[in-house]
Amino acid sequence: MKIDHSVPKEYATEENRLKIFGFWIFIGAEVALFGTLFATYLTLVGHTATGPTGSEIFEIGPVLIETFVLLTSSFLIGLSVHAMRLGNKKAMLTFLGLTLLLGLTFLGVEIYEFTTYVHEGAGLQTSAFTAALLTLLGTHGAHVTLGLFWGLAIIIQVSKRGITPETANKSFIFSLYWHFLDVIWIFIFSFVYLKGLM
Amino acid sequence: MKEYFSRFAIENADDPMIIGAQISIALVTIGIIVGLTYFKKWGYLWRTWLTTVDHKKIGIMYILAALLMLFRGGVDALLMRAQTAIPDNGLLDAQHYNEIFTTHGVIMILFMAMPFIIGLMNVVIPLQIGARDVAFPRLNAVSFWLFFIGAMLFNISFVIGGSPDAGWTAYFPLASNDYSHTVGMNYYAIAIQIAGIGTLMTGINFITTIMKMRAPGMTLMKMPMFTWSILITNLIIVFAFPVLTIALALMTMDRLFGTHFFSIDSGGMDMLWANLFWIWGHPEVYIVILPAFGIFSEIITTFAQRNLYGYKSMVFSMVAISALSFVVWTHHFYTMGHGVVVNGFFSITTMAIAVPTGVKIFNWLLTLWKGKIHFTVPMLYAMGFIPIFVIGGVTGVMLAMASADYQYHNTMFLVAHFHYVLIPGTVFGVLAGFTFWWPKIFGFSLSERIGKWAFWFIAISFNVTFFPLFISGLSGQARRMYTYSENAGFTIYNMISFVGALGLAFGFLLIVYNIYWSTRYAKRHLTEDPWNGRSLEWATHSPVPEYNFAIIPQVDSTEAFWDQKEHGKALFKGNIEPIHMPNNSGQPFIMSAIFFVFGFAMVFSMWIVAIISAIGIFACMWYRSFENDHGHYIPVEEIEATERKSGVIANED
Amino acid sequence: MRKKWFLSLLVVLLIPMLSGCNVLVLNPQGPHAETQANVIKISIITMAFILLVVYSLFIFMLTKYRASKQDPNYKPPHIEGSKVLETIWIMIPVLIVAFLSILTVRSTSDVEATPKSMQDEKPLIIYASSSNWKWHFSYPEENIETVNYVNIPAKRPVEFKLYSFNTMTSFWVPQLAGQKYAMANMVNTLHMAADNPGSYFGRNANFNGKGFANMDFEVQAMTAKEYDKWVSEVKSTAKPITKPEFDKLLKDSHVGLKTYTGTHLEFDPAPTSHQHSGGQDEPEDMEGHEGHDMSKMEHDKK
């Protein structure tokens with residue numbers, strides 16, 4: 001395998017470059033996926049039947065916590081990749097670990113949010129609106145959950161094998177994924193919560 | 001207990017056809033297992049096929065599966081035409097007929113056309129661009145096996161639980177639990193979902209391959225036209241399939257978890273399903289036609305011995321078609337009550353697609369100009385395509401006009417239109433491509449004589465089958481009607497159509513016979529360039545060695561191989577070096593087998609099994625993440641030996 | 001030679017069409033169907049012209065440039081393309097599409113409104129609602145209801161208000177107008193008129209399950225006098241439609257022809273708007289559903 005030392009490790013082999021390119025295309029597909037979920041949500045947002053509306057159930061507190069936690073975790077993973085580029089394995093793993101910890105916190109708050117909704121009578125089967133809401137949020141949350149496991153696998157591999165072109169490539173791609181989830185959250189925050197509370 | 005197991009039974013289990021199918025499936029399965037054991041071929045099957053990551057073998061498996069599905073979908077078609085040949089026919093009852101047209105549609109589009117195209121894509125693209133494999137060979141295998149078990153899951157519905165019966169378009173509320181209470185529509189939602197994941201991965205794989213792995217010197221505007229068509233097709237796949245993923249997921253939730261996305265109560269919106277389905281569905285039909293256009297470009301240039309006329313326009317027209325394909329979906333349901341503005345807009349965008357398509361037809365015709373036309377079997381399909389497909393195209397423009405569509409919609413006129421684009425387009429295209437590239441893969445050609453008979457039977461019978469349906473549609477015959485009365489006046493059209501269908505069946509049987517006959521009698525290894533080809537795939541040996549090219553070719557024109565032959569421009573310069581190839585792996589097959597269990601469990605709401613198998617799938621992914629497999633190198637001596645055996649040393653100028 | 005086969009085949013198959021047997025869509029009996037038939041005929045002619053151009057070019061190329069007709073040593077030239085030709089075969093189709101687009105928007109606008117020739121007549125409103133697998137026709141003006149057949153006065157615009165009790169259906173009377181979907185939760189309007197008295201075939205054109213193939217109905221157009229006579233006959237002889245009777249109708253798959261006084265709209269009104277806010281009954285078991293007003297919010301799902 002030819003290693004190009006003039007570029008960051010994650011780009012250093014041909015296979016690495018192919019994987020990063022392929023992942024960007026995957027993100028394109030994910031844009032279409034979440035786009036469809038948003039379109040479904042915006043179509044059904046008024047279809048509340050006998051159930052509650054968004055303004056009746058959304059609470060700005062947990063939402064702000066979720067937003068702050070997720071955005072910070074995105075910043076931290078940026079620091080992790082930066083540390084990786086400097087070859088600092090310890091810093092990289094620390095920041096990555098903190099990222100995942102914040103991700104876990106996000107999930108915790110979101111689970112609290114969902115259980116509250118269900119208790120308030122806004123369950124998955126209540127109305128088209130609640131179904132669309134919980135599916136959009138839930139799909140994002142499932143992506144975060146998958147990310148936690150993926151990130152954990154990377155932490156284990158980096159701590160065992162060090163920062164190699166392979167592990168650097170995986171970490172970088174993971175960071176792309178994590179940033180993407182953050183961008184989706186910004187749209188959710190704007191078009192679901194803010195719009196619903198206005 | 002009995003009630004639990006009764007879900008797996010079919011509703012009319014004493015139907016001879018169902019019993020016959022169950023027995024045949026059992027016998028064939030036993031036959032395969034016994035045969036493999038007796039001939040001690042399990043090892044061979046596992047090593048060579050089930051664990052392969054080689055694009056050529058994966059392509060062959062896709063095409064084999066597609067041919068099997070063509071048979072099943074074809075039998076469905078024949079049964080339908082037989083049932084409707086005479087009024088008030090009792091061959092099939094309504095339920096049975098409804099299941100048959102539903103499975104016919106799903107199978108032909110998703111389990112025949114798609115895998116056939118993806119199979120040809122797999123076999124040809126790396127060769128055409130001078131690469132050794134696709135960008136992600138392991139992912140490629142996953143794509144195939146997910147498709148395969150999706151197809152198996154769908155097919156098993158016929159004997160366990162009941163086939164889907166709400167049409168391939170599965171409109172709500174008909175497709176909801178309230179009106180389709182067998183598990184049939186669960187099979188629909190889940191089997192297609194699983195196969196669709198495989199297709200999405202193919203999209204990512206081939207875009208990366210084409211964008212990043214072309215031979216040196218092959219700029220985008222020097223790629224063969226088939227490669228262009230595949231690049232654009234995969235771009236459509238990447239943006240259209242996620243819409244289907246969500247639509248099917250929401251359908252699954254409505255059917256299995258009691259949600260109200262598409263229901264008619266609690267705020268659900270049945271129209272939303274129609275919109276989501278067709279936002280995917282229209283790009284999907286362009287996914288199946290653009291590769292056919294690419295194949296015809298290759299075939300017409302080869303057998304007219306001319307370069308493709310208007311290369312740039314051919315590229316831009318496909319880009320235009322693919323872009324427009326995303327903004328026309330509403331024409332599938334003009335009659336939903338949108339009003340003049342919306343219908344007007346979509347009429348215009350739909351008709352607009354005719355313009356770039358027309359550009360292509362004219363460019364193909366001008367490619368024949370001053371050419372030297374040889375009517376080989378692939379060329380016959382290409383020449384049959386032009387006049388017959390154009391009928392499909394112009395009837396498409398007719399349908400695009402909303403006011404007129406209020407009469408054509410959901411009638412046999414529509415059925416005739418889409419068969420007039422799908423069969424002369426997609427089916428002729430894949431049959432032509434199959435015949436064209438067969439000798440490259442297998443080292444011998446299919447019989448031209450049998451092939452020609454097959455073509456003529458198919459081409460003529462096709463028109464006999466479908467042209468009368470334009471008229472019966474205008475006479476008031478709606479689609480999906482299992483029967484009609486004598487005084488409706490449709491009889492003559494349906495009877496003629498049935499006769500045509502028999503001819504079509506015979507033509508397809510001739511193709512199967514051709515494969516058998518040629519495998520048995522055709523002369524082997526006559527030449528690596530049987531058609532006097534123009535692009536890089538013909539610059540390899542037949543059959544193609546594992547590594548494709550001993551030396552990666554260097555290209556500087558659109559028809560690199562032709563230029564080597566005609567103008568002596570050398571393709572392979574330099575020395576042979578060790579070649580890096582990926583290792584086989586059993587993971588794609590195993591993970592897909594777990595997906596099958598997961599899918600089956602979901603269909604029957606067996607939650608515990610579903611959860612366990614889902615964990616199994618994630619476990620496979622976890623294992624893969626930790627895997628340290630870096631492939632292997634083929635040493636120079638081995639490459640040189642292979643090249644010598646094939647008769648040509650690679651670095652010959 | 002090959003192509004002669006295709007062409008002669010097409011002609012042979014066109015003969016039944018030329019003889020005009022029962023091709024309902026091309027035999028319009030109402031102003032909207034006539035608009036549509038004209039659009040269809042114009043588009044057929046336009047498309048035939050396109051086919052002529054393509055086929056002529058095709059036959060020319062195949063006959064002139066076949067290998068068998070040429071010198072075995074002939075080497076075809078490299079011809080890159082022609083900007084002029086490309087422009088021509090882009091611009092002419094664009095013009096054709098523009099022409100057809102204008103035709104489409106105009107004709108669509110025409111058929112989605114009261115027919116121009118009957119502008120000063122007051123449209124008759126009839127609700128056509130579908131359930132599996134029958135059509136209920138409610139005449140609010142006359143206060144009568146029929147099942148699986150509908151009578152209308154000829155030479156008068158009719159507005160069918162379409163909706164469904166469950167599956168999506170499509171209301172289609174080919175000789176009088178195009179079709180339109182009848183769906184739960186919203187009402188679609190289909191404009192139609194018959195030029196002359198007569199019997200016209202109608203059916204559901206959107207597949208909706210087992211009983212779909214038999215979901216047809218007869219439209220009888222009558223003179224104004226005959227129509228009024230029929231309405232008074234119904235009023236004096238038919239039974240009133242009651243809720244239990246209607247619920248039974250909804251449940252049964254095939255009920256034949258029925259006639260009633262009163263309409264079901266009194267106890268089961270049509271959907272008010274597209275954004276349905278109230279709950280609705282379980283579709284398959286309708287027994288015991290108290291009359292509900294769809295605009296009310298409280299409703300218990302079973």
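1. Let's start with the two domains of chain C: their C-alpha centres lie 35 Å apart. Domain 1 covers 16-66 + 82-111 and domain 2 covers 119-266, with bounds that come from an automatic or database domain assignment. The contact between them takes eleven residues from domain 1 of chain C and 14 residues from domain 2 of chain C; two residues are in contact if their C-beta atoms, placed from the backbone, lie within 7 Å.

2. A word on reading the model: it is a predicted one, where local features need pLDDT of at least 70, side-chain atom pairs count only at pLDDT 80 or more, and totals for chains, interfaces and linings use all residues. Residues are numbered from 1 along each chain as its sequence is written, while chains are lettered from A and ligands numbered from 1 in the order in which they are written.

3. Which helix gives the most to the side of domain 1 of chain C that touches domain 2 of chain C? That is helix 2 (residues 31-64) of chain C, with four residues. Helices (H or I, at least four residues) and strands (E, at least two) are DSSP runs, numbered from the N terminus. By class, this side of domain 1 of chain C has six nonpolar, five polar and no charged residues. Here Ala, Val, Leu, Ile, Met, Phe, Trp, Tyr, Cys and Pro count as nonpolar, Asp, Glu, Lys and Arg as charged, and the others, Gly among them, as polar.

4. Chain C also meets chain B, with 81 residues of chain C in contact with 79 residues of chain B. On the chain C side, at least two residues each come from helix 1 (2-18), helix 2, helix 3 (83-111), strand 7 (180-182) and strand 9 (198-204). That side divides into 48 nonpolar, 25 polar and eight charged residues.

5. Turning to chain B and chain A, 29 residues of chain B contact 26 residues of chain A. Helix 8 of chain B supplies the largest share of the chain B side, eight residues. Elements giving two or more residues there include helix 7 (184-212) and helix 20 (607-626) of chain B. The chain B side has 19 nonpolar, nine polar and one charged residues.

6. Chain A itself has six helices and zero strands, and its C-alpha atoms fill a box of roughly 65 × 30 × 25 Å along the principal axes. Of its 198 residues, 43% count as buried (20 or more other C-beta atoms within 10 Å of a residue's own, C-beta atoms being placed from the backbone). Among contacts in chain A with a separation of 6 or more, 78% join residues 24 or more positions apart.

Definitions and conventions:
Buried ≥ 20, exposed ≤ 12 C-beta atoms within 10 Å, placed from the backbone.
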